[in-house]
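Hi,

Here is the structure I promised to pass on. Have a look at it first, and then read my notes below.

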Amino acid sequence: SMISLLKADGTLLQRDYIDSGSANAGLVTAFSGDIILPTRSDDHGVLVIVDSYESDVITRIDLASGTILGQLKVERSTDQTHQSYSLNPHDYVYLDDATAWVSRYNPNPTVDVGDPDRGSDLLRIDPTHFTRSTERIDFSAWNGQAERKSLDTGKTELVDVYARPSQMVRVGDSLVVGIDRLSVSYDAAGESLAALADLQTKAVQVVSLPGLKNCGEIAPVPDDPTHVAVSCTGFLGVGGTPRDAAGLAMLVIEHGVLALERAWHASADPSSALTSFSLLALSNTQVLAMAAGAPAVLDGSGKVQTPETYDKLYRIDLTSGEQQEIFEAQGSYVLLGAGAYDPRTGLLLFPDASVDAHSRPSAGVRRFMRQPDGTFLEIGITQLDAILPARQVRPFY
């Protein structure tokens, strides 16, 4: 992995700010190949890297100097008493020098209930001294059961699903959290939830998202602290039909209460594009989201039975359900990373990981300018690297 820095206009400032080959910082090399930039870290002047599955490390880097301030593993290391288990951190939000919160997506069924590393929670850490606390917000009360079809017998059976907190957005002294509900082996999914976690009292309000599954992806609404957007990909497991439970939603916080304000269900319009990835909010009624393409399907003789389709980015009106195509990539599953939008200038930056016939990046960060009528005009592409494609763009506040 490699992180580049862009200027405010989306052009290149520094191509290789830090990469996986940078000096060893202690717990791991600078970072692995499975990294996440926080949804909105609020850690001003600091680049935060969430090294997720099987690394489980938070890295903080002084943005001005490039100095690695330190690293913290968000679960205890293997010892003779406890089995190692990746809790798979998904997001990070900074409050002050002594407090930041990390969402830990995976449950750990190998430890006792109440153990600090039980997972499926938010964990408070000290981001200055790089220490973990035992303070956590546990979502296991919202575990449940869901149906799956047994691959052995073909029969439908009930299995446990776990409330898995994913992305977070800070709203005052609370966090809005997107929660997936999936089995240990990801072969069953329950109806998703959104939560409002009070960081003072640790009280949690939960809102159901009827008919929607896999809704861990959320996004702040520009200049609007009362709304948070949600994207739901539906069930992607074996035997699942994603459209049945895919969609988009808008949450509202009024007088400290979280509620579902509006939702768009893909199942209600079978002819619509299945816009359920790479969520980016424009307002409390309009969002951007990607409809994934699919690789070509070959028949038994190797001939193309169904041609490849490509990813497309759309603007969606959550009130009317209207979709407007912004651009089409030259590949499938190449627009999976989140983009960035500046409501003051109208600049939209979106990563395009398309590659050429030699598997070399053929795009980069696409730059668009929003027009007075709400449409987006492409104004250029910022090319980053000859080997690594662009995967994610995050703004610094």
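Before the notes, one term: a cavity is a set of grid points where a 1.4 Å probe fits but cannot get out. Please also keep in mind that this is a predicted model.

**Cavities**

Searching the whole structure turns up 2 cavities of 30 Å³ or more. I looked at the second largest cavity, which has a volume of about 30 Å³. What lines the second largest cavity? You'll find Pro-361, Ala-363, Gly-364 and, further along, Leu-384, Asp-385, Leu-388, Pro-389 and Ala-390 there. Sorted by class, that lining has 6 nonpolar residues, 1 polar and 1 charged.

**The disulfide**

The count of disulfides comes to 1. Cys-215 and Cys-232 are the partners, with sulfur atoms 2.1 Å apart. The pair links distant parts of the chain, 17 residues apart: Cys-215 sits in the loop between strand S15 (204–208) and strand S16 (217–221), while Cys-232 belongs to strand S17 (residues 224–233). The torsion about their S-S bond is about 115°, so this disulfide is right-handed. Are the two cysteines buried or exposed? Cys-215 has a relative accessibility of 1%, so it counts as buried, and Cys-232, at 0%, counts as buried too.

**Ser-55**

One more residue to click on: Ser-55 is in the loop between strand S4 (46–51) and strand S5 (57–62). Its relative accessible area is 14%, so Ser-55 is buried, given that buried means under 20%. Between the C-alpha atoms of Ser-55 and Asp-152 there are 33 Å, and the two residues are 97 apart along the chain.

Cheers

Note on methods:
Residues are numbered from 1 along each chain as its sequence is written. This is a predicted model: local features need pLDDT of at least 70, side-chain atom pairs count only at pLDDT 80 or more; totals for chains, interfaces and linings use all residues. Side-chain values use heavy atoms; hydrogens and water are left out. On a 1 Å grid over the protein atoms alone, a cavity is a set of points where a 1.4 Å probe fits but cannot get out, and a pocket is an open set with protein on both sides within 12 Å along at least five of seven lines; lining residues have an atom within 4 Å of a point. Grid points are joined across faces, edges and corners, and a volume is the space filled by probe spheres set on the points. Ala, Val, Leu, Ile, Met, Phe, Trp, Tyr, Cys and Pro count as nonpolar, Asp, Glu, Lys and Arg as charged, and the others, Gly among them, as polar. Helices (H or I, at least four residues) and strands (E, at least two) are DSSP runs, numbered from the N terminus. Buried means under 20% relative accessible area, exposed over 50%, partly exposed in between (1.4 Å probe, protein chains only). A disulfide is a pair of cysteine sulfur atoms within 2.5 Å.
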